[in-house]
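Visitor: I am new to this structure and should be grateful for a close look at a single part of it. Would you kindly take me through the sheets of one chain, step by step?

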Amino acid sequence: MRDDDKKIEISNLRVTYGEKEALKGISLDVYENEILSIIGPAQSGKTTLLKVINRTIDLVPDAKVQGTAKVDGENVRDVKSVYQLRRKIGMVFPLPVGLPLSIYDNVAFAPRAAGIRNRKDLDAIVEHCLQQAALWDEVKDRLDSLGTRLSGGQQQRLTIARALSHQPEILCLDEFSIAVDPVTTMRIEDVLKELRSQVTIILVTNLVQQARRLADRTAFLLNGELIEIDINEVIFSDSPANQMTYDYVSGTFG
Amino acid sequence: MINRHRLETLSEPVLEWVIRLCGISAIIFVFGIFFFVFREGADFLFRGLDLVEFFTSPEWYPTSVSHKRYGVLALIAGTASVTVLAMVIAVPFGLGAAIFVSEFCGPKLKETFKIIIELLAAIPSVVWGFIGLTIMNEMIIDLFNAPIGLTVLNGGIILALMSVPIIVSIGEDALKAVPDSYREAAEALGASRWQVIYRVLLPAAKNGLLAAVLLGVARAIGETMAVLMATGHAVKIPHSLLDSVRTLTATIAAELGEAPVHSDHYQVLFIIGVLLFSITFAVNLTADLVVKGIRQK
Amino acid sequence: MTGKQETVSLFKPKLGGADTGLQKELATGNESFFTTTPFDRKKRLTEIVAKSVLLLMTLLMVIPLILIVCYLLYKAFPVLSLDFLFTNPTRGMRAGGIWAALLGTMYLVVISLLVSAPIGVLAAIYLSEYAGDNWLTRIINLAVVNLAGVPSIVHALFGVGAFVLFARMGRSILAASLTLAIMTLPVIIAATNEALRAVPMAFREACWNVGATRWQTIRSIVLPNSISGILTGIILQVSRAAGETAPIMFTGAVFYKAISEGDPFAYGLFDQCMALSMHLFTISTQVPGVPEAVPYGTAVVLLGTVLLVNMLAIVLRMYLRSRKKW
């Protein structure tokens, strides 16, 4: 396909937690500026995959990683600064985490960690990110109140704003809609559609319809194995390459 | 603004090393304690001390002019008698209170009791010793018509009061660690609260409670000021609760000030220190292993 | 403030009412809904007996504390005054106050705190934030437990061997404070460790995910949210250090030393000093003919200080718990 604009290349990736094998040697590529959705039932290794990409897997005790994951052609295990790698990747996990800081500081946290001190720059980043996350209008008058006091849906958008605050090139979302009401989900989906021109998005979801609505391509993971990856037109057609994909997508199991 | 961020990034590895160093400081200190205490007594330990006599003779005459004798049997007996009595009192009371606080109290009452127990644990040992020396002393003389109230009984009661808070707080932790589902399952079968405690909770929390008792024992063995002041100063093997005794710890506290530095007497006191260190180390280690035992199950 | 909180306050009374009603129904259910058998009655009886016995045991522990405090206060009453705190002992410690001892204790506590607080807090940070689940961590934890279990008189021997003799500090405030610092280190480590672990893991992960370093995470999120627990640990260290006698007996505390009254800088780092705990021991066992009220007064001041400091820790803990941010 488009070999020269591969953003992430994963080949033969195996991850074990102690005895348990979470990923059993999967290979897939993610292209620049696409939305790749990863679907599959619980425990199929979706979250693990994201943790490998930004190397937070290092912080999980007894996790063992084999195989390679490359971001921009560079093996994540050989990067000079793991912090720079993480800043390149925005992460949003299922449960919203508002840090026990003010809303402003929540969004300004990452820029500050990266060394931006100028108040004006920070103000601009905070406003821009909150607007991107469709939260600005709701909180612009109370940026000083605690992020942990926001409602679940607002906190999830705050988490997205924080993930965007370090201007990532890749945005990974892990079942972001689990703790969010449908209206907010739709708003966040709109946000993602707008973002696709600027960043590469990996969308891990257990909602098959969400993958169908948003993604350019979809990968189907089952029990740590990659069953199939293809453009949406194929995956959601009547004849994907693998019968299991069809069964899962059409709701026969899972 | 000479790039504060840059400075921070550079200083972080240094900081992490300092943190690591502090992290292992506890190990360094434990070894340091053993090393320095052992070092002060090592000379006499290898040169002149008869270890058989040391452990089996009740004769402790370190300052005798004609024939110095260094037997710690009577001191060990003193420590043992006071500790055993303290545990006989403190274990039932401590575990009883732990069960009461953990299983029968409402949250408000529980909080109150825990605060009181915390305060009880905070009373300095010299104040306990003072209480033994004054209040308990008089009470024992009055009650038992004894010539002196500074006895095994006195020391045992004081030590019991000192060990109870440890037993209660660690025992309560152990009971709290039993999953609520055990309680619910037993109650669903129609067991009364007491049956739940007796047949389900106590067996399940067995190890934690044992550890609580062991830590109480360690505290009682190691206690110094309270027994120094409350048990009288008689180096002999006690025959009744109303005999005065002297413990290993009290002996060090009483005699170190008078023993000339690096004399045999002085060094023997450090050897007793090594002995005490080893005993409490063994007890604490056992308690720790017992607690780990539950976690692995 | 937010819609969420309003809803809570709106519905809470109603829910609460229904709840207690249901509980009452369940609690009385034994008698009213089901027939009581003799077996049930026996069960209830054992339960009541068990409960009262256990209550009695608990009270037997609690009551002495209150009685003792009252008795000490009663006996000490004749000497308790501000003068007692701020004058030196006189006439061979048979009269006068406790100034030199009080100031000495403060010196020992502050200096030992300056040493043990940073080491203890950093050690706890290591254990909670850096240490993996490996043998080294297990040994460190074991060492902390054992350090807490080493008898105080063995700490004293260590202080003599290491600081007084080996480091040539002589018997001094410095040597005594260092001995106290090592002895009280586990208190701070344990309290801080617990406080750090109470900060949810999700906060740390959120920080790491946006590229914050470990230390940035600790400084900006973990420490600010565990400061109450850390302060509690530090306060408990103070109370512990103020009450200890054995470790300072041979490392820096003396029976008697006159210093200028009212001068808070009367001691130097390499001076010997008096200390409250040591003073209580001395006048109650070593000096004949001390009027009864003087040792009682000293005991009350010492006990009062320690209990007050502990109470401060408890109040602080409750206050900060009530305004948790998540």
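Guide: What follows is an account of the two sheets of chain A and the helices that lie on them, with a short look afterwards at where two other chains meet. Please bear in mind throughout that this is a predicted model.

Let us begin with the antiparallel sheet of chain A, an open one whose four strands follow the order 2-1-4-5. Its edges are held by strand 2 (20-31) and strand 5 (74-75) of chain A; each has a single partner strand, so one side of each is left without a neighbour in the sheet. As a general matter, strands of a sheet pair through backbone hydrogen bonds, in either a parallel or an antiparallel sense.

Strand 1 of chain A, which covers residues 6-17, pairs with strand 2 of chain A in the antiparallel sense, and nine bridges join the two. Two of the residue pairs may be located in the model. Ile8(A) has Val30(A) of strand 2 as its bridge partner, while Arg14(A) has Lys24(A), also in strand 2 of chain A. The hairpin formed by strand 1 and strand 2 of chain A has two residues between the strands, and there Gly18(A) adopts a positive phi near 60°.

Strand 1 of chain A also pairs with strand 4 of chain A, again in the antiparallel sense, through eight bridges. Here Val15(A) has Val65(A) of strand 4 standing opposite.

A helix accompanies this sheet. Helix 1 of chain A packs on the sheet and touches strand 1, strand 2 and strand 4 (63-71) of chain A, and its direction makes about 115° with that of strand 1.

Helix 1 of chain A leads to the other sheet as well. This helix, residues 46-53, lies across strand 3, strand 6, strand 7 (170-174), strand 8 (200-205) and strand 9 of chain A, and it runs at about 150° to strand 8. The sheet in question is open, with six strands of chain A in the order 6-7-8-3-9-10 and mixed pairing. Strand 6 (89-92) and strand 10 (225-231) of chain A are its edge strands, each pairing on one side only. From one strand to the next, the twist averages 15°.

Within the mixed sheet, strand 3 (residues 35-39) and strand 9 (residues 217-222) of chain A run parallel and are joined by four bridges. In this pairing, Ile39(A) has Phe220(A) of strand 9 as its bridge partner. Helix 6 of chain A, residues 152-164, lies across strand 6 and strand 7 of chain A, at about 170° to strand 6.

A further helix of chain A offers a side-chain pair to examine. Asp123(A) and Arg119(A) form a salt bridge, with N and O 3.6 Å apart. The two are four residues apart in helix 4 (residues 119-132) of chain A, which means that about one helical turn separates them. Over all chains, the whole structure holds 31 salt bridges.

One of the salt bridges crosses between chains, and it brings us to the contact of chain B and chain C. Arg317(C) pairs with Glu118(B), the closest N and O atoms lying 3.2 Å apart. This interface has one salt bridge by the rule applied, together with five residue pairs in polar contact. On the side of chain B that touches chain C, helix 13 (residues 264-296) of chain B gives the most, with twelve residues. That side comprises 53 nonpolar, 17 polar and twelve charged residues. The contact as a whole takes 82 residues from chain B and 77 residues from chain C. The area buried between these chains is about 7,100 Å², and carbon and sulfur atoms give 80% of it.

Note on methods
Residues numbered from 1 in each chain as written. Chains lettered and ligands numbered in written order. Predicted model: local features only at pLDDT ≥ 70, side-chain atom pairs only at ≥ 80, totals over all residues. Heavy atoms only, no water. Contact = heavy atoms within 4.5 Å. Buried area = accessible area lost by both parts, 1.4 Å probe. Salt bridge = Lys/Arg side-chain N within 4 Å of Asp/Glu carboxyl O. Polar contact = N/O pair within 3.5 Å; in protein donor to acceptor, adjacent residues only side chain to side chain. Nonpolar A, V, L, I, M, F, W, Y, C, P; charged D, E, K, R; others polar. Pairing = 2+ DSSP bridges. Axes fitted to C-alpha atoms, helices over the stretch in contact; angles between N-to-C directions.
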